[in-house]
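Got your viewer open and a free hand on the mouse? Here is a short tour, stop by stop, with something to select at each one.

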Amino acid sequence: MSEAVTVEIGEYKYGFAFPDRSIFKTRKGLDEEIVRTISQMKKEPEWMLQYRLRGLEAFRRKPMPTWRADLSEINFDEIYYYAKPTEDRKEKWEELPEEIRKTYVRIGIPEAERKFLAGVGAQYDSEIVYHNIRSDLERKGVVFCAPEDAVRDYPELVRKYFGTVIPFNDNKFAALNTAVWSGGSFIYVPKGVRVEIPLQAYFRINLESFGQFERTLIIADEGSFVHYIEGCTAPIYSRNSLHSAVVEILALKGARVRYTTIQNWSNNVYNLVTKRAVAYEEAVVEWVDGNIGSKRTMKYPAVYLLGPKAHGEVLSIAFAGKGQEQDTGGKIVHAASDTSSVITSKSISKDGGIASYRGLIKVYPQLTGIKSHVVCDALLLDPQSKTNTYPYMEIESEDVSMEHEARVSRISEEQLFYLRSRGLSESEASLMIVNGFLDPLVKQLPLEYAVELNRLIELEMEGSVG
Amino acid sequence: MKEWVAVARVEDVQKPLRVEYGSQEVVLFRLHDGIYALRDTCSHEYARLSEGEVWDDRVYCPKHGSSFDIRTGEVSGLPAVLPVERIPVKIEGGEVYVYIENW
Amino acid sequence: MYPIQAEAQKIFEKLSWPQQSWESWRRTPLEKFKPEQRFREYSSFGKGGASRPSPLLEGGKPRNGWALEVHWVTDSWKCYPTEGASWVELYDWFIHLPEEATSVLEKRIQGLSNRLQAWNLAYPTHGLLLKVPPHTRLLKPILIQLEADGNTLLSLPHLLILMGKDSEAQVVVRFDGTKTPGIFYSGGITYQGEENSQGTLVVDRLLPSEGTFFLSFEGYLRRDATLSSLEVHLGGVLSKTTWKAILEEPGAKADLRGSYVATPGSHVEMELTQLHRSGHTQSNSLYKGAVSSGGKSVFQGLIVVGEGAAKTDAYLANRNLLLGSGARADSIPRLVIGNDDVRCTHGSTTGKLQESQLFYLRSRGLPEREARRLLIEGFFEEVVSKIPEIYRDDVANRIAEAL
């Protein structure tokens with residue numbers, strides 16, 4: 001047996017930036033005045049301002065989480081929490097400022113818009129700049145707008161559900177988001193309506209030391225279906241950026257929601273996200289979570305199964321390269337009988353990257369017919385890379401079938417040898433094996449995401465981009 | 001064995017008030033229409049609701065924000081999923097009585 | 001004082017009692033068992049000097065099937081060796097502790113993480129060294145039984161087992177506290193397996209209905225040493241063990257098993273660590289338990305593969321059987337992997353008795369109770385089979401009783 005196989009790498013640079021054209025930017029740091037300013041700029045009703053202030057108070061009170069991923073470099077006082085890039089929202093692509101259009105051309109929105117999308121809410125530095133909802137969605141009564149608009153136009157819905165899945169003091173970063181949230185998506189799907197084409201949004205961080213605090217609320221009424229896709233890129237900057245989003249999903253009786261994310265923040269971003277869904281009777285929620293970028297990500301999409309026959313799934317892919325730490329996983333809480341859950345996590349660590357799985361399966365007492373299955377696979381591509389698995393299972397009912405397994409492995413020499421004997425170079429062979437490893441999850445992604453993900457993996461594995 | 005136990009004077013109940021009797025832990029709330037009581041233990045991770053915030057007749061647990069309807073103990077917000085026990089209250093002679101186990 | 005006891009006491013002073021806020025103690029109902037309070041109530045035990053010479057071996061024969069029986073009853077000792085066991089050495093720490101033992105104890109003292117663990121090294125009520133010399137192979141097992149006398153509520157024993165190069169022995173350690181309701185144990189076992197030694201260790205405890213049991217085990221395995229262990233936990237109000245196997249040199253192998261039954265009202269907790277310091281080592285663990293209605297079990301496993309530990313094979317499995325509503329099983333098997341050239345997996349399953357299997361047995365005429373008992377016996381078979389035959393029935397019967 002020869003010594004360990006180290007896979008060749010290149011630097012994946014997605015770096016580009018445009019001069020800051022924001023029209024209004026708050027000063028650095030966070031205090032009550034800043035929160036009031038944000039609320040004022042958005043012309044919010046008093047109740048939302050009060051809610052933000054409660055979040056601010058909770059943010060100050062709560063300690064930093066110490067249980068994993070070193071967050072000591074985040075300096076809350078050095079961050080700009082809000083910037084407004086244009087005067088108002090544009091309905092047509094052509095009316096956007098040229099720079100912003102150029103950014104999105106590079107990311108690839110126009111083609112996507114033409115071919116795939118039903119509607120796009122694109123975000124540029126915390127504001128919805130470009131927004132276009134297709135007429136048939138409007139006809140069906142599907143609401144897809146900025147959360148700021150929802151606060152104004154659908155206050156009953158917002159007041160009923162906002163903050164009920166992730167409360168203002170759930171954790172320090174959810175509290176921060178509650179105080180300074182800006183942008184994101186609000187989606188309401190009426191009873192029985194199926195949205196066949198995925199709804200998408202893109203996010204970017206442009207301003208140096210700028211935080212992204214989008215707030216997304218998705219309400220799928222009884223029997224409805226919607227698939228939401230979130231994918232983001234960010235340029236590389238010298239100071240650290242903070243991304244602290246909150247996503248709340250409510251899948252009412254018989255509804256199905258799928259939420260897909262491909263995250264590729266540049267390697268200076270702290271990505272600390274709280275994502276949680278509730279699934280009522282016979283509802284289904286699926287999180288598909290791809291984490292490729294960022295310096296540190298802490299994200300554990302959760303599903304609370306609150307009604308009988310509900311089903312929750314988390315599919316997670318993580319890629320931890322040099323200097324990266326992906327701390328991801330999933331949480332499923334069974335609070336009703338005849339519920340089921342599946343968590344599948346696949347991670348790859350390379351060049352000293354650390355990929356950790358952190359998960360929870362909790363079954364409350366007095367339940368019957370519970371099924372849960374968790375599989376965690378970790379692939380280490382070289383001796384410097386690391387992986388950790390921290391699964392928690394708390395089972396308080398008897399009629400449960402719960403299985404969990406985890407495996408750690410590396411690219412085997414036999415596999416490599418076989419592929420090389422077929423004429424593939426070492427890096428081609430490694431790439432093939434890695435793709436094979438990820439395939440079951442990649443298959444779950446919509447086509448263009450699968451393509452983008454494959455490309456990203458290829459770039460991570462092969463030589464530099466150029 | 002449950003019985004009525006005097007745990008506080010009416011005027012003492014302004015903000016959420018924690019009272020202990022034996023090993024029972026109860027929190028008293030003053031709402032616009034009277035005084036209500038719940039077990040002082042969040043059903044999520046057992047923090048003290050008496051240390052939480054009250055908004056719109058709901059109490060929000062200080063640990064993770066689980067919220068409960070003060071009058072009924074029902075869950076109004078995650079991450080809790082189980083209700084908190086409602087404790088019956090009666091006022092007699094300026095004293096607040098709660099109906100709880102006597103140990 | 002035994003040699004280096006002063007050092008242990010210094011470290012005891014620096015450490016703190018376990019806190020509910022510590023991750024590994026989060027699920028333990030510490031407020032019920034207040035070790036700190038017990039410590040204050042019973043100040044340090046001096047050791048009455050016995051006039052026994054050392055090494056300790058006496059005349060008298062052990063029961064059939066045992067190579068050696070050692071019985072501690074509070075302050076007095078009785079040992080019964082067969083001829084074959086006459087090479088085994090036993091030492092009471094307070095009379096004489098050989099040089100080679102102090103280096104292992106020093107290693108142990110450095111690894112202490114809280115006062116509960118350090119207690120039985122700083123102020124032990126019993127300190128026993130069992131030494132199996134190099135090239136000594138015992139054909140029959142050794143029994144070490146510590147029996148409470150009904151008077152003392154506090155038991156702080158520490159057992160040190162040194163397996164010499166090429167040696168082989170099976171040791172059953174049994175803590176019998178049934179005579180003392182309310183007994184509180186905080187015990188320690190330290191094991192060092194020298195090159196190519198093969199050891200089997202079974203730890204069992206019998207607790208009265210109001211007993212508390214804390215035990216900390218640490219085993220060090222050198223080149224090609226093998227350790228097979230089994231911890232048996234049947235009932236008891238609060239039981240928590242930390243079991244740590246450290247594979248120090250290539251070729252070391254550990255097979256770690258556990259069988260537990262959390263009876264109604266009891267909390268049974270096990271923390272298991274498989275620590276691979278060296279490459280070319282193997283560890284395999286299997287912990288199986290049943291939880292009755294009103295019982296709670298917590299299993300925390302951890303496999304750590306250090307950066308230099310290439311070619312490690314490590315496996316961990318936890319299987320929980322829930323036997324009634326109100327039973328609770330927590331399972332937290334963790335992996336911390338710092339090297340890529342490893343084979344490492346873990347698995348955990350929790351469920352109830354299979355309806356289909358029950359149905360099958362009942363259709364053969366077995367009453368429900370019998371059928372359940374048979375299935376549960378089958379469930380534990382894998383781990384119970386590791387027990388030396390002479391002791392196996394004892395455990396199997398008590399498992400059946402506990403259910």
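Against which helices do the buried residues of helix 1 of chain A pack? Keep that in mind while we settle in. What you are looking at is a predicted model, where local features need pLDDT of at least 70 and side-chain atom pairs count only at pLDDT 80 or more, while totals for chains, interfaces and linings use all residues. Residues are numbered from 1 along each chain as its sequence is written, and chains are lettered from A and ligands numbered from 1 in the order in which they are written.

**Stop 1: helix 1 of chain A**

Select residues 32–41 of chain A, which form helix 1. Helices here are DSSP runs of H or I with at least four residues, strands are runs of E with at least two, and both are numbered from the N terminus. Color A:Val35, A:Ile38 and A:Ser39, since these are buried. A residue counts as buried if 20 or more other C-beta atoms lie within 10 Å of its own, as exposed if 12 or fewer do, and as partly exposed in between, with C-beta atoms placed from the backbone. The three sit on the same side of helix 1 of chain A because they cover an arc of only 95° around the axis; that arc is taken from the directions from the helix axis to the C-beta atoms.

Now for the opening question: the buried residues pack against helix 2 (46–61) and helix 8 (172–180) of chain A. Contact here means that two residues have their C-beta atoms, placed from the backbone, within 7 Å. Spin the view around, and on the face turned away from the buried side you find the exposed residues A:Glu33 and A:Gln40. Just after the helix, click A:Lys43, which takes a positive phi of about 55°.

**Stop 2: all of chain A**

Zoom out. Chain A has 11 helices and 23 strands, and of its 466 residues, 55% count as buried. Looking at contacts in chain A with a separation of 6 or more, 84% come from residues 24 or more positions apart.

Try coloring chain A by domain: domain 1 is 24–411 and domain 2 is 412–466, with bounds from an automatic or database domain assignment. Where they meet, domain 1 of chain A gives 21 residues and domain 2 of chain A gives 19. To see the domain 1 side, select the elements that give two or more residues to it: strand 9 (225–233), strand 12 (256–264), strand 14 (284–291), strand 17 (311–320) and strand 19 (340–349) of chain A. By class, this side has 13 nonpolar, six polar and two charged residues. Ala, Val, Leu, Ile, Met, Phe, Trp, Tyr, Cys and Pro count as nonpolar, Asp, Glu, Lys and Arg as charged, and the others, Gly among them, as polar.

**Stop 3: where chain A meets chain C**

Show chains A and C together. Their contact takes 32 residues from chain A and 30 residues from chain C. On the chain A side, strand 22 (386–395) and strand 23 are the elements giving two or more residues, and that side divides into 14 nonpolar, eight polar and 10 charged residues.

Select strand 23 (400–410) of chain A and strand 20 (342–351) of chain C: they pair in the antiparallel sense over eight bridges. Strands pair, in this usage, if DSSP finds at least two bridges between them. You can find A:His404 opposite C:Ser348 in strand 20 of chain C.

Is A:Glu405 buried, exposed or partly exposed? It is partly exposed, with 17 other C-beta atoms within 10 Å. Leaving out residues up to four places away in sequence, A:Glu405 touches A:Val375, C:Thr345, C:His346 and C:Gly347.

**Stop 4: inside chain C**

Hop to C:Met163, in strand 7 (157–163) of chain C. C:Met163 is buried, with 31 other C-beta atoms within 10 Å. Apart from residues up to four places away in sequence, C:Met163 touches several others, including C:Val132, C:Ala169 and C:Gln192.

**Stop 5: a sheet in chain B**

Finally, select chain B and find an open sheet of three strands, ordered 1-11-10, with antiparallel pairing. Its edge strands are strand 1 (2–9) and strand 10 (89–92) of chain B, each pairing on one side only. Seven bridges join strand 1 to strand 11 (95–101) of chain B; click B:Ala6 and look for its bridge partner, B:Tyr97.
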